[in-house]
Amino acid sequence: MTLPTTPSPLAVRGLTVALDGRPVLRQVDLDVSAGEFVTLLGANGSGKSTLVRAAVGLVPFSSGTVELFGTPLGRFRDRQRLGYVPQRSRAVAGVPATMHEVVMSGRLARRRFVGWRSKDDLAAVEAAIARVGLSDRTRSAVSEMSGGQQQRALIARALAAGAELLIMDEPTAGVDHDNQESLAELLAGLVAEGTSILLVAHELGPLRPLIHRAVVLENGTVTYDGPVDAVRDPEHVHVHVHSGRPEKADGFKGNPVGGGQDA
Amino acid sequence: MLDALQYDFMKYALVAAIFTGLAAPAIGTFLVQRRLALLGDGLGHVALTGVALGLLVNVAPIFTAVVVAALGAVVIELLRMYGRTSADVALAMLFYGGIAGGVLLTNIAGESANSLNAYLFGAITTVSSSDLVLVGILGVVVIALSLGLSPQLFAVCQDEEHAKVSGVPTRAYSILIAVLAAVTITVAMKTVGLLLVSALMVVPVAASQQITRSFRTTHLTAMVIGLFAAVGGLFTSYQIDTAPGPTIVMIALVVFAVAATVGAVLTRTRSRRARVDWV
């Protein structure tokens, strides 16, 4: 922190990923500077989930580099600085678990190999749960919580270890408007405190005013990287490129790839 | 009932039942959590090949079973990690290979497949004092690691990818869980038998989660249910003159039925929060 130049929380250079021999990402560059809120937009199949999964080490890449806080991914050990929030479907496993237990597992970045919880761990977990506004659900089974609450619980798990960079994979998917509002409020507070955020999204909704920069992926390459204002209508990009909503409109319009940047 | 304990074989059987009843759900909870409930059954089949190998080379089958089952556990985890084989297909191959290898080796050893019965269905009353030492040591190792590493194993089984990003050595712990399951099977071989061992790893967990909502409570309650079923089944089988293995498993299933009923009533009549959470 006292270094004259703080290294970027995330710096991706020339990343190329192939899954089952099929190229998914080609020569992708992506930066998240300290305190910056970056959103990664793109259609289903554009490679945005693969990009964040490669950036946290879950998907191997064939060429390129990923640096976290100035350290190459392979040598990155300060895992508590990295908060990964996967898609919500991963919140529930085959045995019941309370939200407190799930959030507590976020503290393992600080005791990966062995060790039981300490007083510090308990305090950090309580604080993270309070932070996402779920203190009244601490002892609830995660499976009995709503989708939006599960999402916030997974954010609390990432915050519990003291993450400085949050990487979130579609936290808004299937979350109702009220929960999106409270998510926006939470993220606004985190950004104000200096947390850096990389958020993968289909649509921005209430998060839009918080975002410093948008990166648009199409077919595995970056087609836009700049202020979110220029992507005047991310939902527009979304409808054109993405096969989702409405399912067939996309094919009918047949917009040329790369139209996103000046939409 | 306690007059049964005047026999040495019943004393040995009781000690074996206690270790089995505690160890099987202790590791089984993690298998259920990561949705690999049938892994124990697959490894039980592999252990049969180990037993046959012991008969063939004249080594105590319990030693060869633990070695072969542990190797099988490592292989299946490596297949899951690096291979293109899905978990259920890998398990199916364990089932077939284990049974076929077991019977084949027994034939080669010049014995009939009937000599495998004691291992398939358990023969708790034939537990020797040297078996007991091994069962005790292995049982303590399984219980100690399952409880001692529970924060890390919980994270790996709850969300393996998140645990990996957090820096938890997920591959090593996945292999450890599979190996501990294999060791447990050997511990349980003489009590409930290889065909029923998976029941004691899974049924107490399934019973416990009917009435719980935290992992810790589920884990510990499952161990209590496992202990109750193992010890209760042993004495019941002595009283009504049945084989201990199936008796133990039936008691576990009865506990499951009761727990499922109680759980359903709790959910219906009160709020969902009525579930117990005493740990």
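Two strands count as paired if DSSP finds at least two bridges between them, and the elements themselves are DSSP runs numbered from the N terminus, helices being H or I runs of at least four residues and strands E runs of at least two. The model is predicted, so that local features need pLDDT of at least 70 and side-chain atom pairs count only at pLDDT 80 or more, while totals for chains, interfaces and linings use all residues. Residues are numbered from 1 along each chain as its sequence is written, and chains are lettered from A and ligands numbered from 1 in the order in which they are written.

**Exercise 1. Find the bridge partner of A:L68 in β5(A), and place that strand in its sheet.**

Step 1. In β5(A), A:L68 has A:T71 as its bridge partner.

Step 2. This belongs to the antiparallel pairing of strand β4 (residues 63–68) of chain A with β5(A), which runs over two bridges.

Step 3. The sheet around them is open, with four strands in the order β2-β1-β4-β5 (chain A) and antiparallel pairing.

Step 4. Because β2 (22–32) and β5 (71–72) of chain A each have a single partner strand, they stand at the edges, and one side of each is left without a neighbour in the sheet.

Step 5. Helix α1 (residues 48–55) of chain A packs on this sheet and touches β1 (10–19), β2 and β4 of chain A, its direction making about 115° with that of β1(A); contact here requires C-beta atoms, placed from the backbone, to lie within 7 Å.

**Exercise 2. Describe the sheet of six strands in chain A, starting from its order.**

Step 1. The sheet is open, has mixed pairing, and follows the order β6-β7-β8-β3-β9-β10 (chain A).

Step 2. Its edges are β6 (82–85) and β10 (221–226) of chain A, each with a single partner strand, so one side of each lacks a neighbour in the sheet.

Step 3. On average, and with direction ignored, neighbouring strands are turned by 15° against each other.

Step 4. Strand β7 (residues 165–169) of chain A pairs with β6(A) in the parallel sense over four bridges, and within this pair A:G83 stands opposite A:L166 in β7(A).

Step 5. Helix α4 (residues 147–160) of chain A lies across β6 and β7 of chain A and runs at about 165° to β6(A), where axes are lines fitted to C-alpha atoms, for helices over the stretch in contact, and angles run from 0 to 180 degrees between N-to-C directions.

**Exercise 3. Work out how α6(B) and α9(B) meet, and which classes of residue take part.**

Step 1. The axes of helix α6 (residues 129–148) and helix α9 (residues 170–189) of chain B come within 9 Å and cross at roughly 145°.

Step 2. Residues of α6(B) in this contact include B:V135, B:L138 and B:G139, and those of α9(B) include B:L180 and B:V183.

Step 3. By class the contact has eight nonpolar, four polar and no charged residues, with Ala, Val, Leu, Ile, Met, Phe, Trp, Tyr, Cys and Pro counted as nonpolar, Asp, Glu, Lys and Arg as charged, and the others, Gly among them, as polar.

**Exercise 4. State what chain B brings to its contact with chain A.**

Step 1. The contact takes 32 residues from chain B and 28 residues from chain A.

Step 2. On the side of chain B, α7(B) gives the most, with six residues.

Step 3. That side has 12 nonpolar, 11 polar and nine charged residues.

Notes: Two residues are in contact if their C-beta atoms, placed from the backbone, lie within 7 Å.
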